[in-house]
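Reader: I am new to this structure and should be grateful for a guided reading of it. May we proceed by question and answer?

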Amino acid sequence: MPDARTLLFHPLGLPGSGRVRYGAAMALWRDGSISAEVLEVYRVASAHDARDPLEALRDLGLPLPHRTAMEPPVKALYTAARDYLLTLDHPGAAEVRRGLPADPGPEQARPARRNAVVDRWLAPALQAMDTFHHSLAQAIGDAADRLEWIAYDSYPAADIGPHFPGGHAYAMIFGGDAPFAAYDFDLDLFLIAPHTLYRDHHHAAPELYAPLTGPHGWRFGAGRPLVVKPAHQPVWNPAHQPHLTKTGAVPFLALVVWTRDVNEVARVIPAPDWAELEATKIA
Ligand SMILES: [Fe+2]
């Protein structure tokens, strides 16, 4: 039987789900986890299976409930990643800062999941991080086996090509997925194997790449030449800006932030020179 925290986020639209959420809210109110005001929102919404109580809570300025406590190593990683991101200067810095509270609070539980790219390339990536960033590397290493590492699977195979799908993995550190999201913001760790081309693509989410290793090649428009960038130089992609990454000899490890529209999928932009870029070696 799922616990009350899980049932509080029972998916919208399922018949009877409004009452399930209200029942869960009642249990959480009884143990002091939520206030009577928050419980009242769930009571009012209980007759409407498709009505999102989180929206009403936001409108009323009430605190949004989360699913579960962040595990200590993940919370330590969040703090180290946030400390690092707050030092960066780039066009979207204010949006990024706004989405990173000092205390992330409890949030959606995710099962730890291993990934072959992580097993092979995370350790060398962390080793390649310089001594100035030792504590961040340590926090990543300590949390890595608690994270749910997955491959981004929204691209059609023909568009993204044969190398990227099995050559990368990412894991959410902080953020939310529909229908559980209490916010529209993601902070992820992103790992790409050496000498991998991530073809030109775009998405609605404004995006920060904060690469922790380097060098790597970039371009911001299909057909343009590659620009080589070092570790620790942030890349800010405004909404729908085309971008492509070609990793170098060192595995690419980055913190990636999507500041909104996190459920809008990314799309590949066709370009005639991918074969040439596959063959290009970045030192
Ligand atoms: Fe992107």
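Author: Let us begin with a term that will be needed for the pocket: Ala, Val, Leu, Ile, Met, Phe, Trp, Tyr, Cys and Pro count as nonpolar, Asp, Glu, Lys and Arg as charged, and the others, Gly among them, as polar. Please note also that this is a predicted model.

Reader: By class, how many residues in the lining of the second largest pocket are nonpolar?

Author: The second largest pocket has a volume of about 190 Å³, and 14 residues line it. Of this lining, 4 residues are charged and 2 are polar, while the nonpolar residues number 8.

Reader: Which helix gives the largest share of the lining of the second largest pocket?

Author: Nearest the centre of this pocket lie V118, D119, L122, A144 and D145. The largest share of the lining amounts to 5 residues, and it comes from residues 116-128, that is, helix α7.

Reader: Which residues coordinate the iron ion?

Author: The donor residues are spaced in sequence as H-x3-E-x35-H. E207 belongs to strand β4 and H243 to strand β8, so this pair ties together parts that are 36 residues apart in sequence. Both E207 and H243 are buried. At 2.1 to 2.4 Å, the iron ion is coordinated by NE2 of H203, by OE of E207, listed twice, and by NE2 of H243.

Reader: What arrangement do the 4 donor atoms around the iron ion have?

Author: Four donors count as tetrahedral if all angles lie between 85 and 135 degrees. Around the iron ion, the angles run from 54 to 133°, which makes the arrangement irregular.

Reader: Which strands stand at the edges of the open sheet, each with a single partner strand?

Author: The open sheet has 5 strands in the order β6-β5-β8-β3-β10, with antiparallel pairing. Each edge strand has a single partner, so one side of each is left without a neighbour in the sheet; these strands are β6 (227-229) and β10 (267-268).

Reader: Which residue stands opposite Y198 in β8?

Author: Strand β3, residues 197-202, pairs with β8 in the antiparallel sense over 3 bridges. Opposite Y198 in β8 stands T245.

Reader: Which residue of β9 is the bridge partner of L187?

Author: Strand β2 (residues 186-192) runs antiparallel to β9, and 7 bridges join them. Strand β4 also pairs with β9 in the antiparallel sense, over 5 bridges, and L208 stands opposite V257 there. The bridge partner of L187 in β9 is likewise V257.

Reader: How many residues of strand β9 are buried?

Author: F252, A254, V256 and W258 point one way from β9, L253, L255 and V257 point the other way, and all are buried. Strand β9 (residues 252-258) is thus mostly covered, with a buried count of 7 of its 7 residues.

Notes
Residues numbered from 1 in each chain as written. Predicted model: local features only at pLDDT ≥ 70, side-chain atom pairs only at ≥ 80, totals over all residues. Heavy atoms only, no water. Buried < 20%, exposed > 50% of the residue type's maximum accessible area, 1.4 Å probe, protein only. Helix = DSSP H or I, 4+ residues; strand = E, 2+ residues; numbered from the N terminus. Pairing = 2+ DSSP bridges. Donors = N, O, S within 2.8 Å, 3.2 Å for Na, K, Ca; no water. Tetrahedral: all angles 85-135°; square planar, octahedral: opposite > 155°, others 65-115°. 1 Å grid on protein atoms, 1.4 Å probe; cavity = no way out; pocket = protein on both sides within 12 Å on 5 of 7 lines; lining within 4 Å. Points joined across faces, edges and corners; volume = space filled by probe spheres on them.
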